[in-house]
Every structure is written in structure tokens, then in C-alpha cells.
Amino acid sequence: MAAVVEAFTRARPLIEGTEAVGDPIEVLPCVFHALWDGQLTAGLETPLHERVLVGPRGWSGPETGDAG
């Protein structure tokens with residue numbers, strides 16, 4: 001979990017931060033748990049998908065809530 005939180009100390013697309021930690025099949029459950037637990041945050045304006053920006057706790061996200 002510490003590696004997941006570290007990967008998102010700056011906001012980045014969900015898939016990029018996940019792949020920075022390891023195999024997405026193994027890491028995504030930790031990322032989703034960190035989002036659920038409030039250790040990470042994402043914009044609520046768009047559905048959760050691989051390119052949505054995810055950032056650290058307290059990060060408010062871009063106005064669009066999407067990476068593109």
C-alpha cells in the first residue's frame with residue numbers, strides 16, 4: 001500500500017501510477033482500496049477509467065477530472 005500511495009504523490013493517470021508499482025492485475029486492487037479509504041483521490045465528474053487522474057489525499061483534481 002505504501003508503494004501505491006507513493007506512486008501518486010503527484011497526480012497522474014490511474015494506469016500510469018499503477019504500472020509504476022507493478023503488474024496492474026496485482027496492483028489495481030490496492031489502488032482501488034486506497035481510493036475507497038481516502039488515501040488517494042480522483043475527480044468525481046467522470047467515471048473511473050484507466051486515464052482518470054488520481055492524486056494524493058487532499059488533492060482536489062482538475063476542473064474536468066479527466067486526463068484527456
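**Notebook: threonine 18, helix α3 and the sheet**

I looked first at the side chain of threonine 18: one of its polar atoms lies 2.8 Å from the backbone oxygen of leucine 14. The model I am reading is predicted, and I keep that in mind for each entry below.

**Entry 1, threonine 18.** I placed threonine 18 in helix α2. I then looked up its accessibility. Threonine 18 has a relative accessible area of 0%, so it counts as buried, the cut-off being under 20%. Next I listed its contacts, leaving aside neighbours within four places in sequence. The residues in contact with threonine 18 are Phe8, Pro24, Val27, Leu28 and Val31. I noted that Val27, Leu28 and Val31 also appear among the buried residues of α3.

**Entry 2, the chain as a whole.** I stepped back to the protein chain. I find three helices and three strands in it. Read from the N terminus, the order of elements is α-β-α-α-β-β. The protein chain has 68 residues, and 32% of them are buried. I also checked the contacts between residues at least 6 apart in sequence: 38% of these join residues at least 24 apart.

**Entry 3, the loop before α3.** I looked at glycine 22, which sits in the loop between α2 and α3. Is glycine 22 buried or partly exposed? Its relative accessibility is 27%, so I enter glycine 22 as partly exposed. I also took the C-alpha separation between glycine 22 and valine 4, which comes to 9.4 Å for two residues 18 apart along the chain.

**Entry 4, helix α3.** I checked the length of α3, which takes in residues 24-37. With 14 residues at 1.5 Å a residue, the helix should span 20 Å; I get 19 Å between its end C-alpha atoms, which agrees. I then listed the buried residues of α3 as Val27, Leu28, Val31, Ala34 and Leu35. These cover an arc of only 125° around the axis, so they are on the same side of α3. What do the buried residues of α3 pack against? I find α1 (2-7), α2 (14-21), β2 (40-42) and β3 (53-56) as their partners. On the face turned away from the buried side I find the exposed residues Ile25, Glu26 and Trp36. Just after α3 I noted glycine 38, with a positive phi of about 90°.

**Entry 5, the sheet.** I traced the three strands and found an open sheet with the order β1-β3-β2 and antiparallel pairing. Which strands are at the edges? They are β1 (12-13) and β2, each of which pairs on one side only. Between β1 and β3 I count two bridges. For these I looked up the partners in β3: arginine 12 is bridged to valine 54, and proline 13 to leucine 53. Between β2 and β3, also antiparallel, I count three bridges. One partner I looked up here is that of alanine 42, which is valine 54 in β3. Valine 54 thus turns up as the partner of arginine 12 and of alanine 42.

**Entry 6, helix against sheet.** Last, I looked at how α3 is placed on the strands. Helix α3 lies across β2 and β3. Its direction is at about 85° to that of β2. Both of these strands are also in the list of elements that the buried residues of α3 pack against.

Definitions and conventions:
Residues numbered from 1 in each chain as written. Predicted model: local features only at pLDDT ≥ 70, side-chain atom pairs only at ≥ 80, totals over all residues. Heavy atoms only, no water. Expected span 1.5 Å × (residues − 1). Buried < 20%, exposed > 50% of the residue type's maximum accessible area, 1.4 Å probe, protein only. Arc of directions from axis to C-beta. Contact = heavy atoms within 4.5 Å. Pairing = 2+ DSSP bridges. Axes fitted to C-alpha atoms, helices over the stretch in contact; angles between N-to-C directions. Polar contact = N/O pair within 3.5 Å; in protein donor to acceptor, adjacent residues only side chain to side chain.
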